[in-house]
Amino acid sequence: MANTVTKGVILVGGPSKGTRMRPLTLDCPKPLLPIGGKPMVWHPLNALAQVPGLTDIIMIGFYEDSVMAPFVRESQREFPNIRISYMREYRSLGTAGGLYHFRDLILRTPLPQHIFICNIDICSSFPFTELLAKHSAHRGVGTILGVNVPKDTATRYGCIVSDPETKQMLHYVEKPESWISNTVNGGVYLFDKSVFDEIRVAMDKKTECAAHNPLIELDETLQLEQDVIAPLAGTGKMYVCETRDFWRQIKTAASAVTASGLYLKQFQRSRPELLARAGGAIIEPVYIDGSAHIDGSAKIGPNATIGPNVVVGEGARIANAIVLDNSVIDKHAVVLNSIVGSNSRLGQWARVDGEPEPVSDVKGQISVSVLASDVHVAPETHIRSCIVLPNKNLPKNAYNQVLL
Ligand code: GTP
């Protein structure tokens, strides 16, 4: 295995994705939203960069090149020994269409034997070494990271039935109508390079269907889950590697706050130098950007991420929250279970709070509060479980509302 060439692909999506993260994604594309003090895409990228012998990390999406370029430059500086690139789909091609479209670039020299593929919208320990060990043992075409979720939530995901002994995947159904398994697709895969043959088979099948049915539009769109993985179930080519490590989807603002906390906890073990030191008014784990200014009497944490140039005044309180760049949390203001967007301001004694992420979503109920960019909360005003669009002044209390 020592000389095996391995590459990593991260599916970053595009502007029409991440709608459940609005209004945050109106200003900041989802892959670049700060989670645990780092852009969301940094976490899988950093984990891939630790894989021995990995040569390339390719982000595939349909954002403009200029959106991803600064991140590509920065990460290339951070990981100079790995070739990092962004490949832009001319439009949304689905989770396998981009892999098909850019297959020659992914397979260019050095020819990889293995390719890791990860979704952007998950928070995970990305156990690539474990995945590689399992994959090397069975030598199928692919190994999928399987995650166990509570029975009542399983049908929201791609569900996997596998042989309990061999872990060969027997069935795969994307978001089934009724329960079939608690083991779900964790959005992380390891494939042999022969997966591109399977993707071609899927594309040929689609072309053939389109030839016989004028209602089917022939384009390069292809879904990895339904068009490639599901047909591989039961063929002996696809296996599951179940993890008990932390794993969450990052689809909503509430899940972003939870994910931020999970990554901060991971940093406590793996990168404590990135975190603010406990003690005084800091309750671990907390991330504070070096350019932020925090008054010594403000109480911060646990699970707080404070972005660049944020100013936090005397006696303020921030916990289970993300505060984005250039915002001001004035004296004695409180931010709990919330996200405060860029350039926002909470006046003195203002309070923005919410409920922590619920275990299962209750339709129409907002849990964490989200202030988009340039939102000003007047002094002594209470905002609870509200979603606030950009450029708003909030002069009076509001509860459980979307403020347009
Ligand atoms: P939803 O619950 O409807 O959001 O579905 P899902 O959880 O299965 O997620 P979805 O299929 O939308 O996305 C899975 C991953 O693929 C995410 O990382 C997306 O960013 C990425 N993705 C989705 N569509 C595309 C696409 O057209 N192109 C690229 N490059 N990535 C995509």
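**Exercise 1. Determine how the residues of the shell around the ligand divide into nonpolar, polar and charged.**

Solution. Step 1: the classes are fixed by residue type, with Ala, Val, Leu, Ile, Met, Phe, Trp, Tyr, Cys and Pro counted as nonpolar, Asp, Glu, Lys and Arg as charged, and the others, Gly among them, as polar. Step 2: the shell then holds 6 nonpolar, 7 polar and 7 charged residues. Step 3: of the 20 residues around the ligand, Glu89, Ser92, Gly94, Ile120 and Lys251 come nearest; a residue is near if one of its heavy atoms lies within 4 Å of the molecule.

The model is predicted, so local features need pLDDT of at least 70 and side-chain atom pairs pLDDT 80 or more, whereas totals for chains, interfaces and linings use all residues. Residues are numbered from 1 along each chain as its sequence is written, and side-chain values use heavy atoms, without hydrogens and water.

**Exercise 2. Identify which element supplies the largest share of the shell around the ligand.**

Solution. Step 1: helices (H or I, at least four residues) and strands (E, at least two) are DSSP runs, numbered from the N terminus. Step 2: β1 (6-13), β4 (54-61) and α4 (94-101) each supply at least two shell residues. Step 3: the largest share, 3 residues, belongs to β1.

**Exercise 3. Describe the polar contacts of the ligand with glutamate 89, leucine 93 and isoleucine 120.**

Solution. Step 1: a polar contact is a pair of N or O atoms within 3.5 Å. Step 2: an N or O atom in the side chain of glutamate 89 is 2.7 Å from a ligand nitrogen. Step 3: ligand oxygen atoms meet the backbone, at 3.2 Å from a polar atom of leucine 93 and at 2.8 Å from an N or O atom of isoleucine 120. Step 4: on its own the ligand has 630 Å² of accessible area (Shrake-Rupley method, 1.4 Å probe), and the protein covers 82% of this area.

**Exercise 4. State how the protein chain is divided into domains, and what each contributes to the contact.**

Solution. Step 1: an automatic or database assignment gives domain 1 (6-249) and domain 2 (281-403). Step 2: their C-alpha centres lie 33 Å apart. Step 3: the contact (heavy atoms within 4.5 Å) takes 10 residues from domain 1 and 17 residues from domain 2.

**Exercise 5. Locate the cis peptide bonds at proline 110 and proline 302.**

Solution. Step 1: most peptide bonds are trans. Step 2: threonine 109 and proline 110 are joined in cis, with omega about 0 degrees, and proline 110 sits in the loop between α5 (103-106) and β6 (114-119). Step 3: the bond from glycine 301 to proline 302 is also cis, in the case of a proline placed in the loop between β16 (299-300) and β17 (304-306).

How values were computed
A polar contact is a pair of N or O atoms within 3.5 Å; within protein, one must be able to donate a hydrogen and the other to accept it, and residues adjacent in sequence count only if both atoms are side-chain atoms.
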